[in-house]
Amino acid sequence: MHGGEALRKIHADAGYEVNFLVHLPDDRVHIVQVSTDIAGTTTRNREVRALTEAMAELSLRHAYLITQNHEEEIPTAQGTIHVVPAYLFLMGRDPLWVEP
């Protein structure tokens with residue numbers, strides 16, 4: 001995190017929870033979910049559903065899912081969920097550069 005960001009947890013109207021809502025100083029907003037492993041169908045579906053619902057409510061085209069070591073782009077009806085391994089995120093690869 002850099003100076004000026006604001007973080008908070010959000011709950012989608014459908015009852016799903018997203019770990020972080022990030023407000024950047026340039027007025028961009030991002031949603032970030034964290035899950036160790038999304039290999040299991042139940043976990044993957046839960047995380048994607050929560051992010052997709054929040055994307056719809058917030059009119060966002062991008063969301064981020066930080067995992068232990070998985071990387072992919074998940075297309076949804078609302079936009080793209082960027083799955084980023086924690087080690088890349090922590091090494092300075094900041095996925096929040098994508099315009100919302």
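A residue counts as buried here when its relative accessible area is under 20%, and as exposed when that value is over 50%. With that in hand, let's walk through this predicted model. Buried residues make up 41% of the 100 residues in the protein. The accessible surface comes to about 5,800 Å², and carbon and sulfur atoms hold 52% of it.

Start with the overall layout. The protein has 2 helices and 6 strands, and reading along the sequence gives the pattern β-β-β-α-β-β-β-α. Among the contacts with a separation of 6 or more, 41% join residues 24 or more positions apart.

A good place to settle in is strand E4, which spans residues 62-67. How many of the residues of E4 are buried? The count is 6 of 6, so this strand is largely enclosed by the rest of the structure. Looking at its two faces shows how the burial is arranged: His62, Tyr64 and Ile66 lie on one side, Ala63, Leu65 and Thr67 lie on the other, and all of them are buried.

Now look at the strands that pair with E4. Strand E3 (residues 29-34) runs parallel to E4, with 3 bridges between the two; one bridge pair consists of Val32 and, in E4, Tyr64. Strand E6 (residues 80-85) also pairs with E4 in the parallel sense, here over 6 bridges. In that pairing, Thr80 of E6 is the bridge partner of His62. Helix H1 (residues 41-58) joins the picture too, since E3, H1 and E4 form a right-handed β-α-β unit.

His62 deserves a second look. With a relative accessible area of 13%, His62 falls under the 20% limit and is therefore buried. Its side chain makes a polar contact of 2.7 Å with the side chain of His82.

From E4 we can move on to the nonpolar interior. The largest nonpolar core has 16 residues, and those with the most contacts inside it are Val18, Ile31, Leu51, Ala63, Leu65, Ile81 and Val83. E2, E3, H1, E4 and E6 each supply at least two residues of this core, and H1 gives the most, with 5 residues. Apart from this core lies another, of 7 residues, which include Val22, Val32, Val84 and Leu88. Leu65 offers a close-up of the packing: leaving aside residues up to four places away in sequence, Leu65 touches Gln33, Val34, Ser35, Ile38, Glu47, Leu51, Ile81, His82, Val83 and Val84.

Another polar residue to visit is Asn19, in strand E2 (residues 17-23). Is Asn19 buried or exposed? Its relative accessible area is 18%, which is under 20%, so Asn19 counts as buried. A polar atom of the Asn19 side chain lies 2.7 Å from the backbone nitrogen of Val34.

Finally, step out to two loops. Asp27 sits in the loop between E2 and E3, and its phi is near 75 degrees, a positive value in a residue other than glycine. At a relative accessible area of 69%, Asp27 is over the 50% limit and so is exposed. Ser59 is in the loop between H1 and E4. Phi of Ser59 is near 55 degrees, again a positive value in a residue other than glycine, and with 64% relative accessibility Ser59 counts as exposed.

Terms used. Residues are numbered from 1 along each chain as its sequence is written. This is a predicted model: local features need pLDDT of at least 70, side-chain atom pairs count only at pLDDT 80 or more; totals for chains, interfaces and linings use all residues. Side-chain values use heavy atoms; hydrogens and water are left out. Helices (H or I, at least four residues) and strands (E, at least two) are DSSP runs, numbered from the N terminus. Buried means under 20% relative accessible area, exposed over 50%, partly exposed in between (1.4 Å probe, protein chains only). A polar contact is a pair of N or O atoms within 3.5 Å; within protein, one must be able to donate a hydrogen and the other to accept it, and residues adjacent in sequence count only if both atoms are side-chain atoms. Contact means heavy atoms within 4.5 Å. Accessible areas come from the Shrake-Rupley method with a 1.4 Å probe; for residues, only the protein chains shown count as cover. Two strands pair if DSSP finds at least two bridges between them. A crossover is right-handed if, with the strands pointing away from the viewer, the path from the first strand over the helix to the second runs clockwise. A nonpolar core is a set of buried Ala, Val, Leu, Ile, Met, Phe, Trp, Tyr and Cys residues joined through side-chain atoms within 4.5 Å.
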